Amino acid sequence: MTTLLHRTRRAVQRFGIDICRYPGSWSGPQLVQLLRRFEVDTVLDVGAHAGGYGSMLRAADFDGRIVSFEPLSGPRADLLQASQEDDRWTVLAYALGDTDGTTVMNVAGNSGASSSVLPMLPRHRNAAPHAVYTGRQSAEVRRLDGLWEQVTAPGERVFLKLDVQGFEAHVLRGLGELTEDIVGLQLETSFVPLYEGGLLFNDALAYAQDELGMTLMSVVPGFTDPASGQMLQCDLVLFKDQVAP
């Protein structure tokens with residue numbers, strides 16, 4: 001007999017969304033287990049949107065500091081509400097990149113979740129028509145190395161999470177000489193081009209392994225084309241394994 005969960009799951013899958021029992025095959029508790037293993041003190045949550053990532057960390061009992069970056073005013077209002085009673089969770093209204101200045105963000109129709117500085121390609125629009133751009137908003141862009149002393153403390157072990165819709169390479173270049181100070185990294189990456197000039201899976205993995213000296217710890221399934229079943233995005237979770245306690 002078809003259950004309400006099954007009917008609801010089939011309905012939302014048409015929009016590239018899935019519903020599964022918690023925890024799934026890889027979830028917040030597994031991430032926090034790794035953060036504890038590598039003694040992470042601070043998570044830099046870049047592209048924080050409405051605060052779902054930070055809330056997931058707190059639900060899984062991560063008690064370190066969280067610094068969330070969200071340039072769009074709509075999602076940031078929800079982010080501020082999610083973090084308002086947490087004195088170890090800071091919100092900054094910046095986009096991060098490889099220059100300091102201003103830019104124009106393309107605002108996506110899925111409550112801003114797929115918003116990007118980069119143009120969205122037809123493959124993405126066809127697979128997720130609900131995420132097409134519906135407007136534009138100016139944003140202040142900062143390099144992370146210029147903010148480093150503001151967002152971290154000496155001796156802290158820092159984990160960098162990037163959910164910036166194809167702009168990952170720009171954020172990583174904005175670290176400058178500080179790549180050695182990052183213990184771990186989680187970044188969303190695409191198997192096929194979804195944003196013009198966006199970082200793709202093979203290049204992202206090679207950069208993290210060869211340039212940052214990190215070891216892949218997990219691949220987290222992401223956005224799937226509901227028409228073909230092909231996975232289009234995933235998250236890579238990596239750490240500098242040689243510094244594991």
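## Exercises on a predicted model

Helix α8 is followed by glycine 213, whose phi is positive, near 70 degrees. Keep that spot in view, as we will come back to α8 below. Please remember throughout that this is a predicted model.

### Exercise 1: Get your bearings

Task: find how many helices and strands the protein chain has, and what share of its residues is buried.

Solution. Start with the secondary structure: the chain comes to eight helices and ten strands. Next, turn to burial: of the 245 residues, 47% are buried. Finally, look at the contacts with a sequence separation of 6 or more: 68% of these are between residues 24 or more positions apart.

### Exercise 2: The two sides of α8

Task: work out which residues of α8 are buried, and where they lie around the helix axis.

Solution. Step one is to walk along α8, residues 201-211, and pick out the buried positions: Phe201, Ala204, Leu205 and Ala208. Step two is to view these down the axis: they span an arc of only 95 degrees, so they sit on the same side of α8. The spacing has a simple background: an α-helix has 3.6 residues a turn, so residues three or four places apart point the same way.

Step three is to turn the helix around. The face away from the buried side carries the exposed residues Asn202, Asp210 and Glu211. Step four is to ask what covers the buried residues: the cover includes β8 (182-190), β9 (215-221) and β10 (233-239).

### Exercise 3: Trace the seven-stranded sheet

Task: give the strand order of the seven-stranded sheet and name the strands at its edges.

Solution. Begin with the order: this open sheet runs β3-β2-β1-β7-β8-β10-β9, and its pairing is mixed. Now check the ends: β3 (89-92) and β9 each have a single partner strand, so one side of each is left without a neighbour in the sheet. Direction ignored, neighbouring strands are turned by 15 degrees against each other on average.

Two pairs are worth following by hand. β1 (residues 42-46) and β2 (residues 65-69) run parallel and are joined by five bridges; here valine 43 stands opposite isoleucine 66 in β2. β7 and β8 are likewise parallel, with five bridges between them, and valine 158 has isoleucine 182 in β8 as its bridge partner. As for burial in β8, nine of its nine residues are buried.

### Exercise 4: Helices packed around α2

Task: find which strands α2 touches, and at what angle α2 and α3 pack.

Solution. First, place α2 (residues 28-37) on the seven-stranded sheet: it touches β1, β7 (158-162), β8, β9 and β10, and its direction makes about 25 degrees with that of β10. Helix α4 (residues 73-83) also packs on this sheet, touching β2 and β3, with a direction about 160 degrees from that of β3.

Second, compare α2 with α3 (residues 52-59): their axes are 9 Å apart and make an angle of about 75 degrees. Angles of 65 to 115 degrees count as roughly perpendicular, and α2 and α3 are therefore roughly perpendicular to each other.

Third, list who meets whom: Gly28, Leu31, Val32 and Leu35 of α2 meet Tyr53, Met56 and Leu57 of α3. These residues divide into six nonpolar, one polar and no charged.

### Exercise 5: The three-stranded sheet and asparagine 106

Task: give the order of the three-stranded sheet, then decide whether asparagine 106 is buried or exposed.

Solution. The order is β4-β6-β5, in an open sheet with mixed pairing. β4 (95-97) and β5 are the edge strands, each with a single partner, so one side of each lacks a neighbour in the sheet. The twist averages 45 degrees from one strand to the next.

β5 and β6 (residues 133-143) pair antiparallel over eight bridges, and threonine 102 has glutamate 140 in β6 as its bridge partner. Helix α6 (residues 144-151) packs on this sheet, touching β4 and β6, and its direction makes about 70 degrees with that of β6.

Now for asparagine 106, which lies in β5 (residues 101-108). Its relative accessible area is 12%; the cut-off for buried is under 20%, so asparagine 106 is buried. Beyond its neighbours within four places in sequence, asparagine 106 has contacts that include Ser115, Val117, Tyr133 and Arg136.

Notes:
Residues are numbered from 1 along each chain as its sequence is written. This is a predicted model: local features need pLDDT of at least 70, side-chain atom pairs count only at pLDDT 80 or more; totals for chains, interfaces and linings use all residues. Side-chain values use heavy atoms; hydrogens and water are left out. Buried means under 20% relative accessible area, exposed over 50%, partly exposed in between (1.4 Å probe, protein chains only). Helices (H or I, at least four residues) and strands (E, at least two) are DSSP runs, numbered from the N terminus. The arc is that of the directions from the helix axis to the C-beta atoms. Contact means heavy atoms within 4.5 Å. Two strands pair if DSSP finds at least two bridges between them. Axes are lines fitted to C-alpha atoms, for helices over the stretch in contact, and angles run from 0 to 180 degrees between N-to-C directions. Angles under 35 degrees count as roughly parallel, over 145 as roughly antiparallel, 65 to 115 as roughly perpendicular and the rest as oblique. Ala, Val, Leu, Ile, Met, Phe, Trp, Tyr, Cys and Pro count as nonpolar, Asp, Glu, Lys and Arg as charged, and the others, Gly among them, as polar.
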